[in-house]
Amino acid sequence: MTTFRRTFVASCITAVLVASTGAALAQQPREVKIGYALAVNSHYGAGAQAWADSVEKATNNAFKFKQFPSSALGGERELIEGLQLGTVEAVIVSTGALSNFVPDVGVVDIPFLFRDTQHARNVLDGQFGQDLLTKFKTRGLIALAWGEQGFRHLSNNKRAVTKPDDLKGLKIRVTENPVHITAFRTLGASPTPMSWPEVIGALQQGTIDGQENPVSVFVSAKLWQVQKHLTLTSHVYAPMALIVSPAFFGSLTDAQKTAFIQGAKAGALASRQFVDAVEKKAVDEIKSHGVQVVTNVDKAVFQAAIAPAYKQYATKFGQKTLDQITQTK
Ligand code: PAF
C-alpha cells in the first residue's frame, strides 16, 4: 500500500469511529437525579418510580432517572437548595421546609384545616392548589404536582397522649416549619425543629421525646424501633410536592416539559394510591411491633386547644384564604 493510500484508509477509519461515537453519545439518555427523604419502598419511592416510568416512556428513553432515596442527598432543605443551584434535577419533599422558600405554602400546614383526605385532594387539585404551584416560580423552583403523605399523627416515648394536657413538657420534633412550631407551642408541648435525617438518632438518644408524621412515614421508617406510643391525632394533612430545577426545566423542549408535567401527575397519583393502601393496614402493623396506639382521639378537644393559634394564622395568610380552603367542598 502506498503511503497516500495508507493515510487515506486510516483517515476513513477515524472518521467512521468519530461519527459512530458521536451517534452513540447523542443516544445516551440524559440523567435526571431525583432525591427524597424516605426509602424506595415508600410512597415517595412509588411516586418517584411512576414519574420516572412515565417520562422515560413518553420521551422514548431520552431521560433516565437516577434515584437518591433515604436522604442520600441531604435533608429536605438541602434538596430544595439543590434545585435552586441546579445540582439536582428533581425532588419529592414534604411541605416541612418548603414554606421557608415559598411562604404561601405554609397555609396548607395549618392544623385541622382540611376535613378529610378528599377535601385536601379537592383543594390541591383545584384552582387553589394549582395557583399555589405557580407561586414556586418566583422563588426559583418549578413545582409540578401535589402528591400525598397522609394525615400526621403524634408519637412519643413518655406516655399515651389522649388529650392536649398530656403534651405538656414533651419535646416533640417538628419540621422546620413556623406553622407547625406555633401549633405545638400553642398545645403546650416543646416543639423542636429538626431536619429529618437527625430524627431517629435523636429519638434513640432521648434528646427528643417524640415526633409527628403520617403512618406511611411511621411504617416506612420503622419508627416502632424508637417510639412506644402513637396517638392518631390526624392534626394536619401532609401533601408531598414534586418539584424540578428551573435550570433543568428551562433546558427542555415543550414536548419534554409536557412529559415531565404528566409524569409528575402520575407520580402524585401513585403516592396517593400507595398511601391509601398503607393506611388500611398500618395501625395493625404498628401495634404488632409493640407500639401502644391511641385510636379513639377526641379531635374536637385538640382543635379547641389549638384555636388561639388561628388568630396568628389568619393574620399571616389572610382569613379570606383560610375561608377559601374550608369552603371548598
Ligand atoms: O417529617 C418530615 O420531615 C417529613 O414528613 C419526611 C418524613 C421527611 C417526609 O417528607
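Here are three short exercises on the cavities and the ligand of this structure, each with a worked solution.

This is a predicted model, in which local features need pLDDT of at least 70 and side-chain atom pairs count only at pLDDT 80 or more, while totals for chains, interfaces and linings use all residues. Residues are numbered from 1 along each chain as its sequence is written, and side-chain values use heavy atoms, with hydrogens and water left out.

**Exercise 1.** Work out which residues surround the ligand, and sort them by class.

*Solution.* Start by collecting the residues with a heavy atom within 4 Å of the ligand. This gives Ala37, Tyr44, Glu76, Ser94, Gln149, Arg152, Arg173, Thr175, Trp196, Asn213 and Val217. Next, sort them: Ala, Val, Leu, Ile, Met, Phe, Trp, Tyr, Cys and Pro count as nonpolar, Asp, Glu, Lys and Arg as charged, and the others, Gly among them, as polar. The shell then divides into four nonpolar, four polar and three charged residues.

**Exercise 2.** Find side chains in polar contact with oxygen atoms of the ligand, then see how much of the ligand is buried.

*Solution.* Look for pairs of N or O atoms within 3.5 Å. An N or O atom in the side chain of Arg173 is 2.7 Å from a ligand oxygen. For the side chain of Asn213 the distance is 2.8 Å, and for that of Arg152 it is 2.9 Å. Now turn to area, using the Shrake-Rupley method with a 1.4 Å probe: the ligand taken alone exposes 280 Å², and the protein buries 98% of that.

**Exercise 3.** Count the cavities of 30 Å³ or more and describe what lines them.

*Solution.* On a 1 Å grid over the protein atoms alone, a cavity is a set of points where a 1.4 Å probe fits but cannot get out, and lining residues have an atom within 4 Å of a point. The count is two. The largest holds about 180 Å³ of space. Of its 18 lining residues, Glu76, Ser94, Arg173, Thr175 and Trp196 are the closest to its centre. Helix 3 (76–85) and strand 4 (142–156) each give two or more residues to this lining. The ligand takes up the space of this largest cavity. Finally, the second largest cavity, of about 50 Å³, is lined by Leu154, Leu167, Phe184, Leu187, Thr233, His235 and Phe302. That lining has five nonpolar, two polar and no charged residues.

Notes: Polar contact = N/O pair within 3.5 Å; in protein donor to acceptor, adjacent residues only side chain to side chain. 1 Å grid on protein atoms, 1.4 Å probe; cavity = no way out; pocket = protein on both sides within 12 Å on 5 of 7 lines; lining within 4 Å. Sits in = over half its atoms within 2 Å of the grid points. Points joined across faces, edges and corners; volume = space filled by probe spheres on them. Helix = DSSP H or I, 4+ residues; strand = E, 2+ residues; numbered from the N terminus.
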